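These are my notebook entries on one structure, written down in the order in which I looked things up.

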Amino acid sequence: MRLAEQDIDWHDGNLVDIHVAGLPGSRQTIRLFLDLYPDEEGADRRKRYCCTGEGLKRVLFSGDTGRIRKHSKSGNIDFMRVEEGADSEILTVSLFGGALEAEAATFQLAEVKP
């Protein structure tokens with residue numbers, strides 16, 4: 001599923017892990033592992049998702065790992081959005097303790113089954 005088309009409550013979500021692959025050589029990819037509430041209906045627990053950016057063009061991450069970890073119980077994601085451009089998408093994640101911005105050809109979101 002394309003990330004831009006998802007109706008997920010990003011606020012109070014958790015950034016769990018970040019993987020950047022393909023440097024150098026093959027096509028670069030970024031994967032964010034996130035614990036998110038699946039909807040705005042007040043679900044009682046978060047579900048694990050993988051957000052994959054294929055054809056990564058740029059990535060910028062800055063964060064205080066201690067603060068990000070400290071806010072993980074209540075949710076370390078302040079907000080998250082995707083902007084669509086002519087030939088790429090830009091993912092912006094504002095964290096309590098940092099920020100992440102990535103530009104890729106496309107971002108996909110999939111639930112990670114336990």
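**Strand pairing and the sheet**

I began with one pair of strands in this predicted model, and I found that strand 4 and strand 7, which covers residues 98-104, pair in the antiparallel sense over six bridges. Within the two strands I looked up one facing pair, and Val59 stands opposite Ala102 in strand 7. As a reminder to myself, strands of a sheet pair through backbone hydrogen bonds, and the pairing can be parallel or antiparallel.

I then asked in which order the strands of the open sheet are arranged. The sheet has four strands in the order 4-7-6-5, and the pairing is antiparallel. Strand 4 (58-63) and strand 5 (77-84) are the edge strands, since each of them pairs on one side only. I also noted the angle between neighbouring strands of this sheet, which are turned by 10° against each other on average when direction is ignored.

**Strands 5, 6 and 7**

Next I followed the sheet from its edge strand 5. Strand 5 and strand 6 run antiparallel and are joined by seven bridges, and the two form a hairpin with four residues between them. One facing pair here is Phe79, which stands opposite Ser94 in strand 6.

Strand 6 also pairs with strand 7, again in the antiparallel sense and over seven bridges. In this pairing I looked up Thr92, whose bridge partner in strand 7 is Glu101. The hairpin of strand 6 and strand 7 has two residues between the strands, and in it Gly97 takes a positive phi near 120°.

Is strand 6 largely enclosed or largely open? I recorded that six of its seven residues are buried, so strand 6 is largely enclosed by the rest of the structure.

**Three residues looked up in turn**

I chose Ser94 as my first residue, and its place is in strand 6, which spans residues 89-95. Ser94 has a relative accessibility of 17%, and because buried means under 20%, Ser94 counts as buried. When I set aside its neighbours within four places in sequence, Ser94 is in contact with Asn76, Ile77, Asp78 and Phe79.

From that list I went on to Asp78, which is found in strand 5. Asp78 counts as partly exposed, at 28% relative accessibility. Not counting residues up to four places away in sequence, Asp78 touches His11, Ser94, Leu95 and Phe96.

My third residue was Gly13, which is found in strand 1, residues 9-21. Gly13 is buried, with a relative accessible area of 0%. With its neighbours within four places in sequence left aside, Gly13 is in contact with Asp35, Leu36, Arg46, Gly75, Asn76 and Ile77.

I then looked up two C-alpha distances from Gly13. Gly13 and Ile77 are 64 residues apart in sequence, and their C-alpha atoms are 5.2 Å apart in space. Asp78 and Gly13 are 65 residues apart along the chain, and their C-alpha atoms are separated by 7.9 Å.

**Cysteines**

How many disulfides does the structure hold? I found zero disulfides, and I wanted to see this in terms of distances. A disulfide is a covalent bond between the sulfur atoms of two cysteines. For Cys50 the closest cysteine sulfur is that of Cys51, at 7.2 Å, which is too far for a bond. Cys51 is likewise in no disulfide, with the sulfur of Cys50 as its nearest cysteine sulfur. As for burial, Cys50 is buried with a relative accessible area of 13%, and Cys51 also counts as buried, at 0% relative accessibility.

**The whole chain**

Last of all I stepped back to the chain, in which there are one helix and eight strands. From the N terminus on, the elements run β-β-β-β-α-β-β-β-β.

What share of the 114 residues in the chain is buried? The buried residues make up 37% of them. The chain exposes about 6,600 Å², of which carbon and sulfur atoms supply 48%.

My final entry is about contacts in the chain between residues at least 6 apart in sequence, and 58% of these join residues at least 24 apart. The contact of Gly13 with Ile77 is one that I can place beside this figure, since these two residues are 64 apart in sequence.

Key
Residues are numbered from 1 along each chain as its sequence is written. This is a predicted model: local features need pLDDT of at least 70, side-chain atom pairs count only at pLDDT 80 or more; totals for chains, interfaces and linings use all residues. Side-chain values use heavy atoms; hydrogens and water are left out. Two strands pair if DSSP finds at least two bridges between them. Axes are lines fitted to C-alpha atoms, for helices over the stretch in contact, and angles run from 0 to 180 degrees between N-to-C directions. Buried means under 20% relative accessible area, exposed over 50%, partly exposed in between (1.4 Å probe, protein chains only). Contact means heavy atoms within 4.5 Å. Accessible areas come from the Shrake-Rupley method with a 1.4 Å probe; for residues, only the protein chains shown count as cover. A disulfide is a pair of cysteine sulfur atoms within 2.5 Å.
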